[in-house]
Amino acid sequence: MIIRVRRIAAVCALGTALTALAACSAPQPVRAPRATAGSAVASASPAAGPPTLAPGPAGLTPVFEHGPRTGDRSVALTFDADMTADQGPRAARGERFDNPGLIAALRELKVPATVFMTGRWAEQYPRQARSLGRDPLFEIANHSYSHYAFTEDCYGLPTVDETRMRTDVERAYAAFREAGVPDPMPYFRFPGGCHDTRALRALTPAGVTAVQWDVVSGDAFATDAGAVAREVLDGVRPGSVVVLHCTLSAAPTTERVVREVVPELRGKGFRFVKVSELIGASGGRR
């Protein structure tokens, strides 16, 4: 997901015009563990799989926005590794949709993080996807295969047909496993953050928890790292989910933002966690 904020409005910009995703045969379903309808939240034990929210009203895919506001001062930094289905030629010409410097900074600072990755990104950067997926500091979650919107009128993104929404998510999981990511999480972030009842219903069989956010960094296409850092620092509260990006060409300041924000938040008593820990602490609250 690429979003940009100027205090009041979020603007999504995605570079050059996107082309349609080529038709392909549906892969075998790759389903993640989910909570049962009768439980508030799934157990975090290895046997039960990662914590997920129970289905929402009428069995719809549940949506998580932030963790508990009380208790310890936990915050989750999340990074969208965006790459759309048509951007292979741009990558071949040298455009960087990855950001090794950012990942190195997170490792240096020992910051746990959740990376919402598109399947197309995993195909373009399989070694990096595998490295992230096997590093206990990180967890890999799903950001769709194509990065096409799941609703109409979503910041100009092309849309995925309702009949292919679940397939798009499952195709991303297949791409992660092909790249060597051993245990992708059962969490999904809608491209652009756009969703409606129709999309939530379409993804119910995939068994994912949709993860939104409550703090928008505004790092997409930003050139002033200090301004982005202030957006984060002004917005973070206990339990916050912060959305940033792991795409160098679209978010060139993010490494500098992380290097500024992390020590300052730690100085204020905040603790960095993965999304799974916030979901596990939520007690089923969305």
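The buried residues of helix α5 pack against β5, α3 (119–124), α4 (126–133), β6, β7 (187–188) and α6 (197–203). This is a convenient place to enter the structure, which is a predicted model. The residues of α5 that are buried are Met165, Thr167, Asp168, Val169, Glu170, Ala172, Tyr173, Ala175, Phe176 and Ala179. With 15 residues at 1.5 Å each, α5 should span 21 Å, and the 22 Å between its end C-alpha atoms agrees with that. Just beyond the helix comes Gly180, where phi is positive, at about 100°.

Stepping back to the whole protein chain, the model contains nine helices and eleven strands. Of the 286 residues in the chain, 57% are buried. Among contacts with a separation of 6 or more, 79% join residues that stand 24 or more positions apart. The chain exposes about 11500 Å², and 53% of that area is supplied by carbon and sulfur atoms.

In soluble globular proteins, nonpolar side chains tend to be buried together. Here the largest nonpolar core has 62 residues, and Phe79, Leu106, Met117, Trp121 and Phe150 are those with the most contacts inside it. Helix α5 (residues 165–179) gives the most to this core, contributing six residues. Apart from this core lies another, of 16 residues, including Leu53, Met185, Val216 and Val275. Met117 offers a good view of the packing: leaving out residues up to four places away in sequence, Met117 touches Ala81, Ala122, Ala129, Leu132, Ile140, Ala141, Asn142, His143, Ser144 and Phe176.

Several of those neighbours lead to strand β6. Strand β6 (residues 138–142) is largely enclosed by the rest of the structure, because five of its five residues are buried. In a regular strand the side chains alternate between the two faces of the sheet. From β6, Phe138, Ile140 and Asn142 point one way while Glu139 and Ala141 point the other way, and all are buried. Strand β5 (residues 113–117) runs parallel to β6, and the two pair over five bridges. Within this pairing, Phe116 has Ala141 of β6 as its bridge partner.

Strand β10 can be described along similar lines. Six of the six residues of β10 are buried, leaving the strand mostly covered. Ser240, Val242 and Leu244 point one way from β10, Val241, Val243 and His245 point the other way, and all are buried. Strand β10 pairs with β4 in the parallel sense over six bridges, and Leu77 stands opposite Val242 in β10. Strand β9 (residues 215–216) also pairs with β10 in the parallel sense, over two bridges. There, Val216 has Val243 of β10 as its bridge partner. Val216 also appears among the residues of the 16-residue core.

Helix α8 brings β10 back into the picture. The 14 residues of α8 (residues 254–267) should span 20 Å at 1.5 Å a residue, and the end C-alpha atoms are indeed 20 Å apart. Thr254, Val257, Val258, Val261, Val262 and Leu265 are buried in this helix. The cover over these buried residues includes β4 (74–81), α2 (100–109), α7, β10 (240–245) and β11 (271–273). Following α8 is Gly269, whose phi is positive, near 95°.

One of the elements covering α8 is α7, and Ala227 is found in that helix (residues 225–235). Ala227 has a relative accessibility of 26% and so counts as partly exposed, since the buried class ends under 20% and the exposed class starts over 50%. Ala227 and Ser217 are ten residues apart along the chain, and 9.2 Å separates their C-alpha atoms.

Finally, the cysteines deserve a look. The count comes to one disulfide, formed by Cys154 and Cys194 with their sulfur atoms 2.1 Å apart. The link of Cys154 and Cys194 is right-handed, with 85° about the S-S bond. Cys154 lies in the loop between β6 and α5, and Cys194 in the loop between β7 and α6, so the pair ties together parts that are 40 residues apart in sequence. Cys154 is buried, with a relative accessible area of 1%, and Cys194 is buried too, at 13%. Cys246 is likewise buried, with a relative accessible area of 2%.

Methods: Residues numbered from 1 in each chain as written. Predicted model: local features only at pLDDT ≥ 70, side-chain atom pairs only at ≥ 80, totals over all residues. Heavy atoms only, no water. Helix = DSSP H or I, 4+ residues; strand = E, 2+ residues; numbered from the N terminus. Buried < 20%, exposed > 50% of the residue type's maximum accessible area, 1.4 Å probe, protein only. Contact = heavy atoms within 4.5 Å. Areas by Shrake-Rupley, 256 points an atom, 1.4 Å probe, with all protein chains shown as cover. Core = buried A, V, L, I, M, F, W, Y, C linked by side-chain atoms within 4.5 Å. Pairing = 2+ DSSP bridges. Expected span 1.5 Å × (residues − 1). Disulfide = S-S within 2.5 Å.
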